[in-house]
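Colleague: Please take a close look at one part of this predicted model, the open sheet and what surrounds it. Keep it brisk, and tell me how far the coordinates can be read.

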Amino acid sequence: MRQPHHPQPNPVGENQESVWDYPRPAIAEPTTRRIAIMHRGVTLADTTAAFRTLETSHPPTYYLPQADIAMEHFSPNPRRSLCEWKGQANYWDVTISDERLEAAAWCYPSPTPAFETIAGYLAFYPDFFDQCLVDGEQITPQPGGFYGGWISQYEAKPVQRHPRQPLLVSVLSLKQVPLPRLVSQKPYIHRAYAYGR
């Protein structure tokens, strides 16, 4: 049952899902949708063998097999983070010509048992790249550049935003309510991204 403090979601259209109906704890499931990522004219990934992770209020994050990724453009980044569902994430830089995109992708080399199917698969922060496509559609990055979700025609809004961004509480009027002021002035550490963006 949807909790009373959750925003009222948009009506779900044909072939759409409400992110508020996604499960918690999060899950990973295979998808045959075509996922493609391009940047500066280079196809970095193109696959129909991805997994997507689903969690209440969040748009999907897509995890792609390295066999369908141009790994010659990728190099390890020392950043690490910890997800309560999946375990420790390792990050990757992407280099194309003279441009280096730091920690633009991540993966779980040894995820928890519930997510062992995405071991070694890479996920991408879409706001780094020129094109991130789901079935040929240019997606919209999840607001805030924090979670890495991909918003496409298949998801009814609103979606979860960065913890420090305003929350959409009315999808009809799009009224925004500021979050309460943080009492602590210490750097914010999110439960899933201790060292993440």
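**The open sheet and its surroundings**

Modeller: Seven strands make up an open sheet, and their order is β2-β5-β6-β10-β9-β8-β7. The pairing is antiparallel. The edges are β2 (27-31) and β7 (74-83), each of which pairs on one side only. Between neighbouring strands of this sheet the average turn is 35 degrees, direction ignored.

Start at the β7 edge. β7 pairs with β8 (residues 87-96) in the antiparallel sense, over eight bridges. Two residue pairs help to fix the register. S75 has D93 of β8 as its bridge partner. P76 stands opposite W92 of β8. The link between the two strands is a hairpin, with three residues joining β7 to β8.

Now β8 itself. Eight of its ten residues are buried, so β8 is largely enclosed by the rest of the structure. The cut-off for buried is under 20% relative accessible area. On to β9 (99-107). β8 pairs with β9 over six bridges, again in the antiparallel sense. V94 of β8 has L101 of β9 as its bridge partner.

The turn from β8 to β9 deserves a stop. This hairpin has two residues between the strands. S97 lies in that loop. Its phi is positive, about 55 degrees, although S97 is not a glycine. Most residues other than glycine have a negative phi, and most peptide bonds are trans. S97 counts as exposed, at 65% relative accessibility.

Set S57 beside it. S57 lies in the loop between β5 (50-55) and β6 (58-64). Here too phi is positive, at about 80 degrees, and S57 is not a glycine. The surroundings are another matter: S57 is buried, with a relative accessible area of 6%. S97, by contrast, counts as exposed.

The β2 end has its own backbone feature. R24 and P25 are joined by a cis peptide bond, with omega of about 5 degrees. P25 sits in the loop between β1 (17-18) and β2.

Next, β3, which is absent from the strand order given above. β3 covers residues 35-39, and five of its five residues are buried. I35, I37 and H39 point one way from β3. A36 and M38 point the other way, and all are buried. In a regular strand the side chains alternate between the two faces of the sheet.

What pairs with β3? One partner is β4 (residues 42-47), which runs antiparallel to β3 and is joined to it by five bridges. I37 has A45 of β4 as its bridge partner. β3 and β4 form a hairpin with two residues between them. R40, in that turn, has a positive phi of about 50 degrees. Another partner is β11 (residues 131-134), also antiparallel, with four bridges to β3. There, I35 has V134 as its bridge partner.

Packing voids come next. The model holds two cavities of 30 Å³ or more. The second largest has a volume of about 30 Å³. Ten residues line this second largest cavity. The closest to its centre are P126, D127, Q142, G145 and G148.

Step back to the whole chain. There are zero helices and 17 strands. Of the 197 residues, 49% count as buried. Take the contacts between residues at least 6 apart in sequence: 52% of them join residues at least 24 apart.

Finally, how far to trust the coordinates. The chain averages a pLDDT of 82. At least 70 is reached by 75% of the residues. The stretch to set aside is residues 164-197, where pLDDT stays under 50. For that stretch the model has 66 contacts beyond four places in sequence. Where pLDDT is low, the predicted coordinates should not be read in detail.

To recap the sheet. β7 is an edge strand that pairs on one side only. β8, its neighbour over eight bridges, is largely enclosed, because eight of its ten residues are buried. The hairpin from β8 to β9 carries S97 with its positive phi.

Note on methods:
Residues are numbered from 1 along each chain as its sequence is written. Side-chain values use heavy atoms; hydrogens and water are left out. Buried means under 20% relative accessible area, exposed over 50%, partly exposed in between (1.4 Å probe, protein chains only). Two strands pair if DSSP finds at least two bridges between them. pLDDT is the predictor's confidence in each residue, from 0 to 100. Contact means heavy atoms within 4.5 Å. Axes are lines fitted to C-alpha atoms, for helices over the stretch in contact, and angles run from 0 to 180 degrees between N-to-C directions. On a 1 Å grid over the protein atoms alone, a cavity is a set of points where a 1.4 Å probe fits but cannot get out, and a pocket is an open set with protein on both sides within 12 Å along at least five of seven lines; lining residues have an atom within 4 Å of a point. Grid points are joined across faces, edges and corners, and a volume is the space filled by probe spheres set on the points.
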